[in-house]
Amino acid sequence: MLIGEVARRSGVSARMLRHYESLGLVRPSGRTGSGYREYSGEDVRRIFHIESLRAVGLSLREIGRALDDPCFTPSALVDDLILRTRERIAAETELLTRLQRVRAADPAAWEDVLQVLALLRALGSTSAGTRQRAALASVDEVPVEALAQAALGEGDPYVAGALRWALSRSGGGGAALLAEGLSSPVAAVRERAVRSLAEMPGGEAAPLLRDALASPDAVVRGRAALALGAQGEAAAIPVLVDMIVAGRNDTDAADVLSSLADDAAADRIASLLTGRIGDGTTGPPARGRLTQALAGIPGPTASRALTGLLGDADPAVALTAAYLLRLRGDG
């Protein structure tokens, strides 16, 4: 079969077939009397094999190795192809995201496009100072999606603070974007998400923080409870009590419980604290913390609970109860 016929049947141009020959990928099995290349059926099958390998992303050099090296292991090359494909997809996805964010900024002129691109690049800089300056300058110029993504991925505390500040002033939509981070498999991302939500102004973040009270992540639950409790949300009370038992931000949790203990909630909070002291499963350190938390709870239920603890088997609990009763004027 002559080169023209091979090109017609295979879809590979004669010029490319000559290039394959120059690289040693395909060598025509013979020549006609006039010196024309003559390809055998095996040569044509090799050409189709080459084209198949090109279609999955192999270079011609890799194809030559795959076809001729008896020690070649296909699995290693396939693994490398998978890695390169993922990297290419990631790069193209990043480009697409950046373009969508530029469009979301609704630039009126090319100067606006360049400004948004510059700020997006700065938010992704390896320099913490550059990222911080970009966050502080980007409130009205970068889409909220970019700020939220940067906040969820930022490990530097100063830059993270600047990003939370920018998000709190960026208008609507930021809270919902941050809430997506609450289900991240990465604990640090979940913590950044709830911390950022806690600093969002207005009522947009409140329902998302209420949902976070049921999170399986104790850090997320705790930060949500502290934020909601500071806003007067009684739904945070059980989680705040759990924090005292666990010894996790227990002082902050006790302070917030004290602020929530108005006439309507004081007895409920005192009852919850007392119940955990006497439930038989709470260890001595936690019982001590719970007793101390009763100090900030007004009303007769807390006073009765402290009186009942005067004879507690744990001397530290009994002494703490006596001291608190004296402070309250009940002892």
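A crossing of two helices is called left-handed if the near helix is turned anticlockwise from the far one by less than a right angle. The model on display is predicted, and this tour visits two regions of it.

**First stop: helices H16 and H17**

Select residues 266–277, which form helix H16, together with residues 284–293, which form helix H17. The axes of H16 and H17 lie 9 Å apart, and the two helices pack at an angle of about 160°. Angles over 145 degrees count as roughly antiparallel, and H16 and H17 are therefore roughly antiparallel to each other. Their crossing is left-handed.

Next, display the side chains where these helices meet. On the H16 side, select Leu 273, Arg 276 and Ile 277; in H17, their counterparts are Arg 287, Leu 290, Thr 291 and Ala 293. By class, this contact has four nonpolar residues, two charged residues and one polar residue.

**Second stop: helix H1**

Move now to residues 3–10, helix H1, and select Ile 3, Val 6, Ala 7 and Ser 10, which are its buried residues. Turn the view to look down the axis of H1: the buried residues fall within an arc of 100°, so they line one face of the helix. An α-helix has 3.6 residues a turn, so residues three or four places apart point the same way.

To see what covers the buried residues of H1, add helix H2 (14–23), strand E2 (37–38) and helix H3 (41–55), which are among the covering elements. Then select Arg 8 and Arg 9, which are exposed on the other side of H1.

Finally, select Gly 11, just after H1, where phi is positive at about 80°.

Definitions and conventions. Residues numbered from 1 in each chain as written. Predicted model: local features only at pLDDT ≥ 70, side-chain atom pairs only at ≥ 80, totals over all residues. Heavy atoms only, no water. Axes fitted to C-alpha atoms, helices over the stretch in contact; angles between N-to-C directions. Helix = DSSP H or I, 4+ residues; strand = E, 2+ residues; numbered from the N terminus. Parallel < 35°, antiparallel > 145°, perpendicular 65-115°, else oblique. Contact = heavy atoms within 4.5 Å. Nonpolar A, V, L, I, M, F, W, Y, C, P; charged D, E, K, R; others polar. Buried < 20%, exposed > 50% of the residue type's maximum accessible area, 1.4 Å probe, protein only. Arc of directions from axis to C-beta.
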